[in-house]
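User: I'm new to this structure and would love a close look at one part of it, the greasy-looking surface on one of the chains. Could you walk me through that part and then show me how it sits among the rest?

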Amino acid sequence: ELKVGALMPMTGDLQAYGESSRNGVELAISEINDAGGVMGEPVVLEVSDTQTEPQAGVDAAQRLVSVQGVSAIVGALSSGVTIPVASSVSSVEGVPQISNASTSPVMTDLDDNDFLFRTTPSDAFQGVALASVAVENGVDSAAILYINNDYGEGLANAFADAFEAAGGTVVGSNGYEPGQASYRGDLSAVSDGESPLLLIGYPENGQTILRQALEGGYFSDFFFTDGMKSPVIVENLGAEFLNGSFGTAAEARADTDAAQHFRSAYEQAYGEVPPVPYIDTAYDAVYSIALAAVAADSTDPAAIRDHLRAINDPDGEIVGPGEFAEAVDRLEAGEPINYQGASGSVDFDANGDVGGTFAHWVIEDGEYRTLEIFEPSM
Amino acid sequence: MSLLDAQGLYAGYGGVDILRNTHLRLGADEIVVIVGPNGAGKSTAMKAVFGLVPIREGRVHYQGEDITNRPPERMVTRGIAYVPQEANVFPSLSVLENLELGAYALRGDHRPRLEKVFEIFPRLKERRNQQAGVMSGGERQMVAMGRALMVEPRLLMLDEPTAGLSPRLIDETFERIREVNHLGIGVLMVEQNARQALAIADRGYVLATGENRYEDTGPALLANPEVAEMFLGG
Amino acid sequence: MVEVIQLLINGILLGSILALGAVGATMIFGVLRFAHFAHGDFMAVGAYFALSVVTVFNLPVLAALPVAMAATAGLAVAIDQLVYRRIRRVQPVILLISSFATALVLRSLIQMIWGSSNQVYETGIQLPWRIGPFTLKPDHLLIFLAATGLVVTVHLFLTRTRLGKAMRAMSDNMNLALITGIPADRVIMATWAIGGALAAAAGVFLGMDTRLHPVMGWTLLLPIFAATILGGIGRPYGAIFGGLVIGCAMELSTLIIPGSYKPAVAFAIMVATLVFRPQGIIKGTV
Amino acid sequence: MDLAGLLAYGLFFLNLVGIYAIMALGLNMQWGMTGQFNIGIAGFFAVGAYTSAILTTGSSPTWLGGFGLPFLLGLAATVLVCLPIAWLVGRITARLRTDYLAIATIGIAEIIRLFFLNEGWLTNGVRGIPGIEKPLGTGNGGYLLIVTAFVALIWLLVEMARRSPWGRVLRAIRDNEPATAAAGKDIARFRLQAFVVGSCIMALAGGLYAHFVGFVSPEAFRPLYGTFLVWVMLIAGGSGNNLGAILGALVVWLIWSSTEMLAGVLPTDLIGSESAFRVFLIGVLLQIILVSRPQGMLPERRPPMPGEQR
Amino acid sequence: MIEIERVSRAFGGLQAVREVSFTVATGSITGLIGPNGAGKSTLFNIIAGSIPPDSGAIRLQGEDITGLPTHRLFHKGLVRTFQIPHEFSRMTVRENLMLVPAAQRGENLLKSWLSWWKVVREDREILRRADDVLAFLEIDHVRDELAGNLSGGQKKLLDLGRTMMTDARAVLLDEPGAGVNRTLLGKLAEAIERLNRERGYTFCVIEHDMDLIARLCDPVMVMANGELIAEGDMASLRQNPQVREAYLGTGSSGQTGTGT
Ligand SMILES: Nc1ncnc2c1ncn2[C@@H]1O[C@H](COP(=O)(O)OP(=O)(O)OP(=O)(O)O)[C@@H](O)[C@H]1O
Ligand SMILES: Nc1ncnc2c1ncn2[C@@H]1O[C@H](COP(=O)(O)OP(=O)(O)OP(=O)(O)O)[C@@H](O)[C@H]1O
Ligand SMILES: [Mg+2]
Ligand SMILES: [Mg+2]
């Protein structure tokens, strides 16, 4: 029986992402089990809470591995938890760990005995993507306010470099500390009165910042990264102020079968379109683990790790998440497969990273609409 | 009917009885003095009566009513005022505030009462805006007494009211106590200035290791050579 | 210059929210001698109470304010009776740790009842008035006026009733207060009620200005303590002053230092106050 | 749930308990013995963790690294680096009373955290420092031996200090400062010593932590896990009692991690959110401990008189 | 021994001590009396370094000690007690005394760690001394009680006991007799006399019990309203009208002289 551990922030700062990521995981597992499970048995899920804190995160991970005996871990979300878990638990215990949301460039070179993977692209890519989208939208100067963590800082730097290389001007760039009651001073410091604001952050504080930016008259035009792509923001602030705002998010081509399958399955299961990013990446992480286990014909963690790349054989038959039963048949028949996930091709490179495509989205009539999906040219 | 009647008290701190079969009685307009060596349980007896130390056995009656183990704030409304031996002022409050708080439980205008206290202790009027915590030792003692008098009590319980007072003030204080007593207020006090205290007392108790040792009128105790040698400093 | 004045206006707003929280915290500190770590969560609970009133009865926020204040006051008193009363006689530090546990309980209850995502009283943005080069949001004027009104009410309450004095007496010497006939339990309950009500008001105002979130109060706790210290512990008026100073300093700080160091400003002021004027700017020895 | 797995988790679990126990012992020296209300533990914890991380890892272009010192030297350095910092903080806050000291130290700890967060050249800022290795390639079992040795050593040192006349002066200070001065003791010196020694113990725990989890980033030093948990451990265990501090670390961390299983028993729709319910349980359990045993599980006992067997 | 030279101190508008000068001669037991609030304790606080004087100087055996912190004065042999007892309430009576001796080896943390056995041996010696003092003061039955649980008078005795644990040369006693039972007070007086005679302690005693003052002290200083108004032996002071008016009063306590 294959046991998968989900290491998610069910409390703490990233709670909102933790809960929806878990939905992604659960969705994948129920589909897999409906399709007959792995090696004839249903896949079992164990969820553990990182509290968005490294100390609690490593403890939770160790419990998953030792007590619950999981063969692979999906998570964690923030790099500050994912990396300690990788270096003190999964690489030591030899359990593959696939993060669905950690975008820190540090992970690429981490000495993890090749047990750490991720299904979301490194920050380095999105900054470039966003810069090209901004230029395309006629932005020639911008102010940046980013959450002062590795996500925010990494993206802000990558964007600023690419944007300036493309001839744009950054009029002000500042990190902000989460949890403040007022960001008016921060806004005032980066505002030049006309340039739009690039806000890199999460809805928790991002919403406050947007509100204060609008109410204080500091900014009226905005663009965003994936972290701020959340319908609740539009709902709470009112569409009229945000229409026309745009942004990027790591997103698979929505026209692929896999992506469409995921969206409709998610809607059916939870009654809403996937509200925040990183759900499809969690979903793909589970599929990858299950397929690798089938390929290895084993629930041994190391064997699963060894087969994670094998399910993406370029010569193999392309299979998507809706086609688990067929994929199993092929693998059992000894034929190669190439998994194409909801979030993209999920081809792990030598570092366990994936490349990615990005969505250019805009807010129109209060709805997020994806204009195009593209691969940034580095 | 006696004002206060405590019979067969057993009380102490956490398990150990300090008082052992102690009894105290006070007539309506009596001055009663408790004397005894240090650590005899005099203060403990006062605290037990006032509900600050739990009584394990025995009863306390006040004006015929059973007040054993009643909470202290209820004693005040019944007309009992108590001045503890230590920590008897609010150090960070001014003298005036200390006095005003004395009358907290009472309704009505307290200015006349305040005037009366100032009359007794003119020093307090002079220094009424002073923080009580920085007053001299003797001045504090006055504040504490004054605070108790603000309640216009029927029964005044004083734990070593003259400790730290100058000889002149000691005389005055005993004089005041007598005056207060003439107004019909019963006074129960612990004193180490035993000779003077017993001289104005109607009756006295000698307490040693938590037990009643002697009990007599003031002058009789003073005259008792045994008591004098053992407890009054020869 | 315009920018400085604008930031000052903003600072006064933030400061009046901090001050509401700080007045309650300082009173609790004054009477019970411990830093109440659940104070921020009282704010959050108050804000959510108001949210329920707003959504269920479809009332404007200000109408929900009194309800939220009363409910939070009741909650504060209940928690005191249930928990704090039992450990009041031990060391204050036990109370402090216990208040920390209370904070955990309240925060998780909010999550269980109201969920953990961002919520707002009214959707949409309120566009500011423009007065010359300055902007002022109507809500902000409202918050400022309401906060001032509340503080004045508390002031009258403390001076016109004997309660204020009794509170200080209790913080000096609980035993002696009992001996003097001060009904200690009632004074303590009143303290909690006032503290809770003010915290709720601060929470509602904070929610109007930002958004509602289970940790909204917790993150404001340290600046509130900073305001308390600055004003001198146990001094309600000092707390108001402290709140305003901290609020303005935090807003103005972004002129000089990077925003990522902003929270340090409150702490730096606090530490400097403690080192150079430990009794607070307005002298408080209580 | 097999036995080997439980054992493996047990080893891991005890490592963390040991690290927290060391912090609780350091706090006991400050609070339990001297009455110094330090709620800036996370600051010293961070100083230790970063010191060891920077000094023992390989070189990197983005932060000041590449010293590659061995494990034990890294640990020694945590104490050496913490010493002047704690001394400075102690001097600054020397005159402060309990509550004021509390709030000053939490402020200083936040400033330290923001420093580590924002000074990327030194600490790799928000990204944190990866690749901190356990000594001699030990696994959790081997590392547990090292941690246990340190717990025992620190316990011994702190307990000796508590029983010594030095500890007696500290308790006197805790009790009554003017009287201690009148008895000829230089209060400022003793307080400062206790503060510095306690803080260095916390820094040492930081160093052990860094090597245990292999990665440090500012997130690990936020007040909840860096400071409050340690307080909860000491108070629940019994402040003033060194064995209590260790027991507190064990019990509290056990509650912290076992409530997750407890919370899983109840149906989700009843409690809204499982994880919130877990935090709720933690809070309630803590309250129960505090209300029923306010002195802690092992209350403080006075140190034995010389010649007395205890 | 102690020279007090033109010392003044005001609190706000109140001149608590005004231009006070006198000398406590080596080997004497000097009394200091005066009405409540006269400034006696304030003067003690100034001498003992608890508060600084506004002006004036204090000399200890010729050395200027004005403004030195309390613990430094202690090491110069100047010890004090407090009017309101300052016990270590959460420590046992024995520990209260054992704390006092200066320069204990074990007060150095490093030495405690490195030479534990020597520390314990030294501590045993200190314990023996403490028990002797307790026996002398007749409070040895409460030696393992927490000092905070002592009765008011017992605390006063403990305060005195702490000064007996030192090698002090000059001791300032602030009302050692207040609240102490008269029988015991007699013994206390004996103790003070013996310390003075046998160990050569110099005392300066504030006290309101005229019997005690009369028995122990010569000379006696009288303060009122912050000023020194008279000095001499008790018998002559009793005849001084100014002293009678300000302090003794006309009642019994000033006159029932020779109780013991
Ligand atoms: N809070 C307490 N806890 C434990 N024991 C106490 C406490 N208070 C007093 N005792 C003990 O009870 C005994 C009697 O104390 P009490 O204060 O009644 O004496 P007292 O007769 O008033 O003496 P004094 O004249 O010295 O004031 C003493 O031995 C004392 O140590
Ligand atoms: N820190 C202070 N601040 C303000 N006033 C003070 C302070 N300390 C003492 N005083 C005042 O100075 C005066 C002298 O006080 P002091 O304690 O020296 O008197 P004392 O002679 O010792 O009296 P007693 O015999 O009653 O103890 C008093 O009126 C007192 O209120
Ligand atoms: Mg007594
Ligand atoms: Mg005096």
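Analyst: Happy to. In this predicted model, six side chains, those of C:Ile12, C:Trp129, C:Ile131, C:Leu141, C:Phe144 and C:Leu145, make a nonpolar surface patch of about 530 Å². Two elements of chain C each give two or more residues to the patch: strand E1 (129–131) and helix H5 (138–160). The largest share, three residues, comes from H5(C). One residue to find on that helix is C:Leu141, which is found in H5 of chain C. C:Leu141 counts as partly exposed because its relative accessibility is 35%, and a residue needs over 30% to be part of such a patch.

Let's stay on chain C and move to another helix. C:Ser52 is found in helix H2 (residues 39–57) of chain C. With a relative accessible area of 23%, C:Ser52 is partly exposed. Leaving aside residues up to four places away in sequence, C:Ser52 touches C:Phe57 and C:Trp114. Compare its position with that of C:Ala68: the two are 16 residues apart in sequence, and their C-alpha atoms are 9.1 Å apart in space.

Chain C also reaches out to a neighbor. The side chain of C:Lys165 meets that of B:Glu100 in a salt bridge, at 2.8 Å from N to O. C:Lys165 lies in helix H6 (residues 163–172) of chain C and B:Glu100 in helix H3 (residues 95–102) of chain B, so this pair joins two chains. C:Lys165 is partly exposed, at 31% relative accessibility. As background, side chains of opposite charge can pair when their charged atoms come close. Over all chains, the structure holds 55 salt bridges.

Following that link takes us into chain B, where another salt bridge stays within a helix. B:Arg178 and B:Glu175 meet through their side chains, at 3.5 Å from N to O. They are separated by about one helical turn, because they are three residues apart in helix H7 (residues 167–182) of chain B. B:Arg178 is partly exposed, with a relative accessible area of 33%, and B:Glu175 is partly exposed too, at 36%.

Chain B has a metal site as well. The magnesium ion (ligand 3) is coordinated by the OG atom of B:Ser43 and the OE1 atom of B:Gln85, at 1.9 to 2.1 Å. These two residues link distant parts of the chain, 42 residues apart: B:Ser43 is in helix H1 (residues 42–49) of chain B, and B:Gln85 is in the loop between strand E6 (80–83) and H3 of chain B. B:Ser43 has a relative accessible area of 16%, so it counts as buried, the cut-off being under 20%.

For a charged pair that spans a long stretch of sequence, turn to chain E. E:Arg94 forms a salt bridge with E:Asp144, and the closest N and O atoms are 3.5 Å apart. This pair, too, links distant parts of its chain, 50 residues apart: E:Arg94 sits in helix H3 (residues 93–98) of chain E, while E:Asp144 sits in the loop between helix H5 (116–137) and helix H6 (152–164) of chain E. E:Arg94 counts as buried, at 10% relative accessibility, whereas E:Asp144 is partly exposed, with a relative accessible area of 39%. Salt bridges that share partners join E:Arg94, E:Asp131, E:Arg143 and E:Asp144 into one network.

Finally, here is how the chains meet. Of the seven pairs of chains in contact, chains A and D share the most contacts. That contact takes 41 residues from chain A and 43 residues from chain D. Between them, chain A and chain D bury about 3,300 Å², with 54% of it on carbon and sulfur atoms. A:Gln55, A:Arg63 and A:Val67 supply 20% of the area that chain A buries against chain D, more than any other three residues. Two salt bridges are found across the interface of chain A and chain D. The side chains of A:Glu53 and D:Arg222 meet in a salt bridge, at 3.6 Å from N to O.

Some chains stay apart. Chain B and chain D do not touch, and their nearest C-alpha atoms are 15 Å apart. No contact joins chain A and chain E either, with their closest C-alpha atoms lying 33 Å apart.

Definitions and conventions: Residues numbered from 1 in each chain as written. Chains lettered and ligands numbered in written order. Predicted model: local features only at pLDDT ≥ 70, side-chain atom pairs only at ≥ 80, totals over all residues. Heavy atoms only, no water. Salt bridge = Lys/Arg side-chain N within 4 Å of Asp/Glu carboxyl O. Helix = DSSP H or I, 4+ residues; strand = E, 2+ residues; numbered from the N terminus. Buried < 20%, exposed > 50% of the residue type's maximum accessible area, 1.4 Å probe, protein only. Donors = N, O, S within 2.8 Å, 3.2 Å for Na, K, Ca; no water. Contact = heavy atoms within 4.5 Å. Patch = residues over 30% accessible without salt bridge, like charges linked within 9 Å, V, L, I, M, F, W, Y side chains within 5 Å. Areas by Shrake-Rupley, 256 points an atom, 1.4 Å probe, with all protein chains shown as cover. Buried area = accessible area lost by both parts, 1.4 Å probe.
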